Amino acid sequence: MRLKGKVALVTGGTRGLGRSIAEAYAAEGASVMVAGRGGDGHPSPVDGVADQVAFHAADVRDAASVDALMAATVARFGGLDIVVANAGVSIPGPVSALTPEQWTDVVTTNLTGVFHCVRSAVPYLEHGDGGRVITMSSVLGSRAVAGAAAYCATKAAVEAFTRSVALELAPRGITVNCLAPGFIDEGMGRALRQNEAVWERYRGKLALGRMGSADEVARAAVFLAAEDSSYVNGHVLEVNGGLAW
Ligand SMILES: NC(=O)c1ccc[n+]([C@@H]2O[C@H](COP(=O)([O-])OP(=O)(O)OC[C@H]3O[C@@H](n4cnc5c(N)ncnc54)[C@H](OP(=O)(O)O)[C@@H]3O)[C@@H](O)[C@H]2O)c1
């Protein structure tokens, strides 16, 4: 029960890694708001803890939508301690084939969406007892691959954003850290593996010889949200089992 009494918000918490993080936080005693673009009345994703978990529809690309999400979280659970800016998209393809609309969608979701969440959360987080922000990068934020320029660029930017904002918010009692998962057998990672032509480029890089699990990412997210990491700030925590790049 490392998060007992805490209130957490997980964007992109309706499926994939975000859902696993929301489940892990609830299991550690937190009240959890999950957000995604899905419609009203979206079912709680966490079995057996319905009163501890709520859903609010929000689009992280839209600042007003994120502001409403923060207000709804505080109205529902009485405060805000932990924000996991996890929502993200990937639109693969060579840069010459990427449309300006696709580029904008990736940048607005993966980078501007993180900015919207942090900007909007700060006034609530600083009223709590040690606010936590966790952003979501990727192994592809620091390693070059062909065919994922928009995604790689946004994740590298999220890491830089994290380090910078960590310095700004430390005097306000808020730490800001980043998770950088490797190839995880869930969500985007699972979709990647199912494309054999693409996956053969990555399989041999896995030092542990296997993909990670969503639970292994969630446990790292618990660490960054809990008292265990109280002196960790501005850090990018890779959860990738080691990679031979
Ligand atoms: N899975 C991996 O192997 C892996 C590895 C490294 C990094 N990551 C990162 O981890 C995060 C989660 O990835 P995932 O694999 O779990 O992805 P996923 O299964 O595709 O889930 C993405 C989540 O983000 C939400 N979302 C997307 N666009 C949104 C928007 N504009 N506003 C609000 N919510 C939005 C989705 O809900 P709606 O579609 O309903 O909005 C969904 O809940 C991403 O940031 C990703 O880059 C994943």
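Colleague: In which strand is Val-7 found?
Modeller: This is a predicted model, and every value I quote is computed from it. Val-7 has contacts with Ser-31, Thr-73, Phe-77, Gly-79, Leu-80, Asp-81 and Ile-82, leaving out residues up to four places away in sequence. The strand in which Val-7 is found is β1.

Colleague: Is Val-7 buried or exposed?
Modeller: A residue is called buried when its relative accessible area is under 20%. Val-7 has a relative accessibility of 6%, and therefore it counts as buried.

Colleague: What distance separates the C-alpha atoms of Val-7 and Val-176?
Modeller: Along the chain these two residues, Val-7 and Val-176, are 169 residues apart. In space, the separation between their C-alpha atoms is 16 Å.

Colleague: Which residues touch the most other members of the largest nonpolar core?
Modeller: That core has 32 residues, and the elements that each supply at least two of them include β1 (7-11), β2 (31-36), α2 (63-77) and α4 (149-169). The largest share, six residues, comes from α3. The residues that touch the most other members are Leu-80 and Val-118.

Colleague: Which residues does Val-118 touch, not counting residues up to four places away in sequence?
Modeller: Val-118 is one of the two residues that touch the most other members of the largest nonpolar core. With residues up to four places away in sequence not counted, Val-118 touches Val-133, Phe-161, Val-165 and Leu-169.

Colleague: Is Gln-52 buried or exposed?
Modeller: Gln-52 lies in the loop between β2 and β3 (53-57), and a polar atom of its side chain is 2.8 Å from the backbone oxygen of Ala-26. Beyond its neighbours within four places in sequence, Gln-52 is in contact with residues including Gly-29, Ala-30 and Phe-77. Because its relative accessible area is 19%, which is under the cut-off of 20%, Gln-52 is classed as buried.

Colleague: With which side chains does the side chain of Glu-238 make a polar contact?
Modeller: Glu-238 lies in strand β7 (residues 236-239) and is partly exposed, with a relative accessible area of 38%. One polar contact of its side chain, at 2.6 Å, is with the side chain of Arg-143. Another, at 3.4 Å, is with the side chain of Asn-240.

Colleague: How far apart in space are Glu-238 and Pro-181, C-alpha to C-alpha?
Modeller: Leaving aside neighbours within four places in sequence, Glu-238 is in contact with Ser-142, Arg-143 and Ala-180. Glu-238 and Pro-181 are 57 residues apart in sequence, while their C-alpha to C-alpha distance is 5.8 Å.

Colleague: How far from an oxygen atom of the ligand does a polar side-chain atom of Tyr-151 lie?
Modeller: Tyr-151 is among the closest of the 29 residues that surround the ligand, together with Thr-14, Leu-17, Arg-37 and Asn-86. For Lys-155, a polar side-chain atom lies 3.0 Å from a ligand oxygen atom. For Tyr-151, the corresponding distance from a polar side-chain atom to an oxygen atom of the ligand is 2.6 Å.

Colleague: Which helix supplies the largest share of the shell around the ligand?
Modeller: The residues of this shell divide into ten nonpolar, 13 polar and six charged. Helices α1 (16-27), α4 and α5 (187-193) each supply at least two of its residues. The largest share, three residues, comes from α5.

Conventions: Residues numbered from 1 in each chain as written. Predicted model: local features only at pLDDT ≥ 70, side-chain atom pairs only at ≥ 80, totals over all residues. Heavy atoms only, no water. Core = buried A, V, L, I, M, F, W, Y, C linked by side-chain atoms within 4.5 Å. Buried < 20%, exposed > 50% of the residue type's maximum accessible area, 1.4 Å probe, protein only. Helix = DSSP H or I, 4+ residues; strand = E, 2+ residues; numbered from the N terminus. Contact = heavy atoms within 4.5 Å. Near = heavy atom within 4 Å. Polar contact = N/O pair within 3.5 Å; in protein donor to acceptor, adjacent residues only side chain to side chain. Nonpolar A, V, L, I, M, F, W, Y, C, P; charged D, E, K, R; others polar.
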